[in-house]
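Visitor: Please take one part of this structure and look at it closely for me, and then follow it outward to whatever lies around it. I am new to this structure, so please explain each term when you use it.

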Number of protein chains: 2
Amino acid sequence: MTEAKKQIRVVLIEDDETIREGFTYLINGEPNYAVVNAYSSVEDAMPHLQADKPDVILLDIELPGMKGTDAIPKIKTLVPKTFILMLTVYENEEAVFVALTKGASGYLTKNSSTEKIIDAIQEVVDGGAPMSTNVAKIVIKSFHKNQNSPLTKRETEILEQVANGKSRSKIAKEMFIDLETVKSHIKNIYVKLNVHSREDAIKEAKNNKYI
Amino acid sequence: MTEAKKQIRVVLIEDDETIREGFTYLINGEPNYAVVNAYSSVEDAMPHLQADKPDVILLDIELPGMKGTDAIPKIKTLVPKTFILMLTVYENEEAVFVALTKGASGYLTKNSSTEKIIDAIQEVVDGGAPMSTNVAKIVIKSFHKNQNSPLTKRETEILEQVANGKSRSKIAKEMFIDLETVKSHIKNIYVKLNVHSREDAIKEAKNNKYI
DNA sequence: AGCCAAATCCCCCTTTTTGAGGGATTATTT
DNA sequence: AAATAATCCCTCAAAAAGGGGGATTTGGCT
């Protein structure tokens, strides 16, 4: 079976003309990669995306008009099979998570080399998830729990169950302890976290990554 | 200012003798990197870690005796400044997240090239978070929401608040709608998700990544 | 051996919340 | 015209939450 190498169709959405033209030139210089169109805003791009049929969209996160992150769901609706690779200058922690939850497949900084960009494009097409090192750092850090939690092991376990929406009686049953024990733990948790409600306990614990 | 290149001290904890010796040989072959000790289990390693003073520990996740993930917090207690790099053969989604939440700084597959391993060691020492491509994929996928949620936008917003531990009355206040409206939405959510409690709604929604 | 923190369990009490059963009205979109 | 989404209304009983006061037992560390 001879396998014809498929051309990978790329669309750029980036307001900076220099970057836009630079990337277009660089990507078009690669065999098997073609920039089918480059737009300076999401609004400009939207009406053409279905005709462009891109495999990958390189999307700037800081755009005039509609923001890059807001554009993701709209783009996904128009062309659901297209992978979205975010491009950014500043690594904003919040923006990274918003973009990822909304469906971006990867996250690159604009200073990446052509080689890295091309690699990343290939990687998303192959179902991967390219990230620049700084973004990886932000993501992994978000997983790390605070090692200086004031809560004991048991208290942490219980608060995690509470955060999963479980009632105290359910927690008691599942942990094979008495309801009164659960109540005691929760009382102690509230004192330690200086809160007076489930909501605030969860909020406080999540903010400080105790859970 | 002349900067003396600091030797990077590496400890290996890996039960497979071939891999252990291979990695030791390879890492010692690099200038500025030294394997100060290599152990076949966490139990063996624990008593020596404080003397070894490693900058980085390469930790196998599938170990006899104490599991790699359980070892992380213990190691962190002994030598808090040491970075932990997980090594794995199989990418188990659950294990990845457990390791990361417990404090691992990176996650590599054992088939990685020497170059990648060395790069990763340097990267964690520099405060980075190296991940093999497959692990990155798992992590990013975990952020993606299901695009086929049966819930409406408003219902999703409300269920997110519920999952944050908020009471219905609090949600009503914060969203500037009546308590009765919140109750209606939650009733509809329960019907759509085919559940009869907050706990099950949250569980179902999280399992399917509706929230 | 002695201490302390952690985990367990036992009462009291009031207020709030939840879940379930019925609805209705108004926009918006198809 | 017909769904769909979002809003609001009423009743009801059972469950849960939060706060107050305790006690006992266990495990780990000095």
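Guide: A:Lys209 is partly exposed, with 16 other C-beta atoms within 10 Å; on this scale a residue is buried if 20 or more other C-beta atoms lie within 10 Å of its own, exposed if 12 or fewer, and partly exposed in between, with C-beta atoms placed from the backbone. The model is a predicted one, in which local features need pLDDT of at least 70 and side-chain atom pairs count only at pLDDT 80 or more, while totals for chains, interfaces and linings use all residues. Residues are numbered from 1 along each chain as its sequence is written, and chains are lettered from A and ligands numbered from 1 in the order in which they are written.

A:Lys209 has a positive phi of about 55°, although the residue is not a glycine, and its place is in the segment after α10 of chain A. Names such as α10 refer to DSSP runs, numbered from the N terminus, where helices are H or I with at least four residues and strands are E with at least two. A comparable entry in chain B is B:Asn194, which is likewise a residue other than glycine with a positive phi, near 60°. B:Asn194 lies in the loop between α9 and α10 of chain B, and B:Asn194 is exposed, with 10 other C-beta atoms within 10 Å.

The helix that A:Lys209 follows, α10(A), spans residues 198–207, and its buried residues are A:Arg198, A:Ala201, A:Ile202 and A:Ala205. These residues cover an arc of only 95° around the axis, which puts them on the same side of α10(A); the arc is that of the directions from the helix axis to the C-beta atoms. An α-helix has 3.6 residues a turn, so residues three or four places apart point the same way. The cover over the buried residues of α10(A) includes α7 (153–163) and α9 of chain A.

Both α7 and α9 of chain A lead on to the DNA, since with α8 (168–175) and α9 of chain B they are the elements that give two or more residues to the surface near DNA strand C. Here a residue is near a strand if its C-beta atom, placed from the backbone, lies within 6 Å of it. There are 18 residues around DNA strand C, and A:Thr152, A:Arg154, A:Ile177, A:Ser184 and B:His196 come nearest. The most is given by α9(A), with 4 residues. By class, this surface divides into 2 nonpolar, 9 polar and 7 charged residues, where Ala, Val, Leu, Ile, Met, Phe, Trp, Tyr, Cys and Pro count as nonpolar, Asp, Glu, Lys and Arg as charged, and the others, Gly among them, as polar.

DNA strand D is surrounded by 18 residues, of which A:His196, B:Thr152, B:Ile177, B:Asp178 and B:Ser184 are the closest. The largest share of the surface near DNA strand D, 4 residues, comes from α9(B), and that surface has 2 nonpolar, 9 polar and 7 charged residues.

The two chains also meet each other, with 27 residues of chain B in contact with 28 residues of chain A; two residues are in contact if their C-beta atoms, placed from the backbone, lie within 7 Å. On the side of chain B that touches chain A, α4 (93–102), α6 (133–143) and α10 (198–207) of chain B each supply at least two residues. Of these, α6(B) gives the most, with 6 residues, and the residues of that side divide into 10 nonpolar, 9 polar and 8 charged.

In chain A, helix α6 (residues 133–143) has A:Val135, A:Ala136, A:Lys137, A:Val139 and A:Ile140 buried. Those buried residues of α6(A) pack against α4 (93–102) and β5 (106–109) of chain A together with α4 and α6 of chain B.

Finally, chain B can be laid on chain A with an RMSD of 0.3 Å by a turn of 179° and a shift of 0.1 Å along the axis, where copies are superposed by least squares on the C-alpha atoms of residues with pLDDT of at least 70 in both. That is the relation of a two-fold axis. The same surface serves both copies, with 100% of the contact residues of chain B recurring in chain A.
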